[in-house]
Amino acid sequence: MNINLLINIIYIISALFFIAGLKMMTSPSTARTGNMISASGMLIAILISLLDQGIIDYEWILLGIFIGSIIGLFASRMVQMTEIPEMVAIFNGFGGIASLMVAWAALYPELTDFNIRNGHLVGSSNTMLMAIIVLSILIGGITFSGSLVAYGKLSEKIPGNAYLIPGQRIISSCIVFTLLFVSYRFIFGYSTNSNEFIAVIVLALMLGIILVIPIGGADMPVVISLLNSCSGLAACSVGFVLNNNLLIVAGSLVGASGLILTKIMCKAMNRSLKNVLFSSFGATSQHTRKMEGTVKQVNIEETYLMLEAASSVVIVPGYGMAVAQAQHVVQELAVLLETNDCEVNFAIHPVAGRMPGHMNVLLSEGNVSYDKLVEMDDINRQMSSIDIAIVIGANDIVNPAANNDKSSPIYGMPIIKVYEAGVVIILKRSMASGFSGVENGLFYGENTQMLFGDAKKSIMDLVAEFKS
Amino acid sequence: MEIILTSFIFVLSFLLGFELITKIPATLHTPLMSGSNAISGVTIIGALISSGSGEQVASVILGTTAVVFATVNVVGGYMVTDRMLAMLKKKSQNSE
């Protein structure tokens, strides 16, 4: 049998595996198997590709796979669940740079000759091929450098707040125009100078940096979703360069997935993508509204008595809970409450963590079963019938200003309406404002009780009270 | 006309992706993202060919580096997704 035909048949099977894997991701009970199926699809695709006639030398490939596997293995074992967002961010970047390099390598004559020999060349004219190569490099480069900045912000290696570089717009416009000019010369054959090609790469990398730098840490869930989409589209456009259908199918699946998550995240913050990318949220707003009312404080014992009498409790976790590594004690408290004939649920805001679904993962790490995790819209419907809402390490996602203060920068953002519950208990270290820097009127609410101190310690004390 | 064919494939699989992903619940969004991240490492297939072409030094260097990055993406992505999904528990299995 013709080896190329065989390769392509295996590619079809592999694509089916990817699709089946994603399909099984629609339910938590089948998701793990789905991931395995997707991984097997990848494995057979890689193995069959090694049979390609263009490959005459295996030592470099094996070395590359060996090094990559060691790093991947190590990274995936060592990473903390709180660090998943930065890991995904940097992996997005790796996908981007890999695609950039493959597109770049396609420029070298031997390789392109080989491509032509096997009918791999896309389109009939070179202009088309050049345009796609440049496009791949653009997407790959922006994904790579943008992801590195996102990684730096998420891991707090660089300042996470939103800020505008002086002359930001001018600099980025300059980059875009130079990029367009150099790309144009390259695509239409006015230049074959490899230095100019390097310039395309450098400019794409600069563009990625300057696009992500001004975006604040609170908006990172949107940014990594978008970069996730880009890493898929980069693979996809490399598929066009090499005329490889599997790359196109797999890349576009990822592209679509990232785009949907981006949309969900934007909706959860009530902001358009354009607004997230270009407005530098919080950098300009000077919001100093005076809060009215008094702050009421409770101690552990009073809290215990309230919880002991409650018949329905909703726990609203925020990223602060995960930072304090309080998931396990929170679950312990939930179990104790349940044995005390109290219904306990966890209300999850879509942007409660630092990436889509992050909070769910953090809670499963603490052994909370996934059927206890209730989405925002569902919990809001029953909030008024709930006795006690416990807010742990969350702030903006329960801030009523999003509903009733038109001048607030977070106005319009959907929130978990804990203020409708009978009593709101807020576990907090101090009165400091949240990630977005916006004051929270909830703390001054009539039915709000503040339990100051380290969240983990407070919960541990509560657990001890229940046990005694 | 090849470009038309490949574009056709692109559009259809993009739409298929949209249909599939919309049905995935919020609980699984993080594993979905790390898993789809691993899928985007499929670019390794292109990297293999340039890494193994053996003739031009430049394309071998580029290809091999790309193989390293893409492998990290594939191996790390799938493994970490598996780690997360293994933690998902239902109440019935969760006896404390």
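These are my notebook entries on a predicted model with chains A and B.

**Entry 1: chain A as a whole**

I began with the overall count for chain A. I found 18 helices and 6 strands there. The C-alpha trace of chain A spans about 80 × 50 × 35 Å along its principal axes. I then looked up burial: chain A has 468 residues, and 53% of them count as buried. I also checked how far apart in sequence the contacting residues are. Taking contacts in chain A between residues at least 6 apart in sequence, I noted that 79% join residues at least 24 apart.

**Entry 2: the domains of chain A**

Next I looked up the domain bounds. Chain A is split into domain 1 (1–78), domain 2 (89–278) and domain 3 (300–467). I asked how far apart the C-alpha centres of domain 2 and domain 3 of chain A lie. The figure is 39 Å. Where the two domains meet, 13 residues of domain 2 of chain A are in contact with 10 residues of domain 3 of chain A. On the domain 2 side, the elements that give two or more residues are helix H9 (220–242) and helix H10 (245–268) of chain A. I sorted that side by class and got 10 nonpolar residues, 3 polar residues and no charged residues.

**Entry 3: strands in domain 3**

I turned to the strands of chain A. Strand S1 (residues 312–317) and strand S2 (residues 343–348) of chain A run parallel and are joined by 4 bridges. In this pairing I found Ile315(A) opposite Phe346(A) of S2(A). S2(A) is also joined to S3(A), by 3 bridges, and these two strands run parallel as well. Here Ile348(A) has Glu375(A) in S3(A) as its bridge partner. I followed the chain from S2(A) through H15(A) to S3(A) and recorded a right-handed β-α-β crossover.

**Entry 4: the nonpolar core**

I asked which residues touch the most other members of the largest nonpolar core. That core has 189 residues, and the ones I was after are Ala250(A), Val316(A), Val391(A) and Ile392(A). I took Val316(A) further and left aside its neighbours within four places in sequence. Its contacts are then Ala347(A), Ala389(A), Ile390(A), Val391(A), Ile392(A), Ala394(A), Val398(A), Ile416(A) and Val418(A). Two of the names from the core list, Val391(A) and Ile392(A), thus turn up again among the contacts of Val316(A).

**Entry 5: two positive phi angles**

Most residues other than glycine have a negative phi, so I wrote down two exceptions. Gln325(A) is not a glycine, yet has a positive phi of about 55°. I located Gln325(A) in the loop between helix H13 (319–323) and helix H14 (327–339) of chain A. Is Gln325(A) partly exposed or buried? Gln325(A) counts as partly exposed, because it has 16 C-beta neighbours inside 10 Å, and a buried residue needs 20 or more.

The second case is Asn367(A), also not a glycine, with a positive phi of about 75°. Asn367(A) sits in the loop between helix H15 (358–365) and strand S3 (373–375) of chain A. It has 17 C-beta neighbours inside 10 Å, so I put Asn367(A) down as partly exposed.

**Entry 6: where chain B meets chain A**

I moved to the contact between the chains. It takes 80 residues from chain B and 100 residues from chain A. On the chain B side, two or more residues each come from helix H1 (2–22), helix H2 (29–40), helix H3 (44–51) and helix H4 (57–87) of chain B. H4(B) gives the most, with 29 residues. By class, I have 40 nonpolar, 31 polar and 9 charged residues on the chain B side.

**Entry 7: helix H3 of chain B**

Last, I looked at H3(B) by itself. Why did I note H3(B) as largely enclosed by the rest of the structure? The reason is that 8 of its 8 residues are buried. Among them are Ile44(B), Leu48(B) and Ser51(B). I picked Ala47(B), which is found in helix H3 of chain B, for a closer look. Ala47(B) has 31 C-beta neighbours inside 10 Å and therefore counts as buried. With its neighbours within four places in sequence left aside, Ala47(B) is in contact with Ala98(A) and Val102(A) in chain A, and with Gly63(B), Ala66(B), Val67(B) and Ala70(B) in chain B. I also checked Ala47(B) against Arg83(B): they are 36 residues apart in sequence and 27 Å apart in space, C-alpha to C-alpha.

Conventions
Residues numbered from 1 in each chain as written. Chains lettered and ligands numbered in written order. Predicted model: local features only at pLDDT ≥ 70, side-chain atom pairs only at ≥ 80, totals over all residues. Domains from an automatic or database assignment. Contact = placed C-beta atoms within 7 Å. Nonpolar A, V, L, I, M, F, W, Y, C, P; charged D, E, K, R; others polar. Buried ≥ 20, exposed ≤ 12 C-beta atoms within 10 Å, placed from the backbone. Core = buried A, V, L, I, M, F, W, Y, C linked by C-beta atoms within 7 Å. Pairing = 2+ DSSP bridges. Right-handed = clockwise from strand over helix to strand, strands pointing away.
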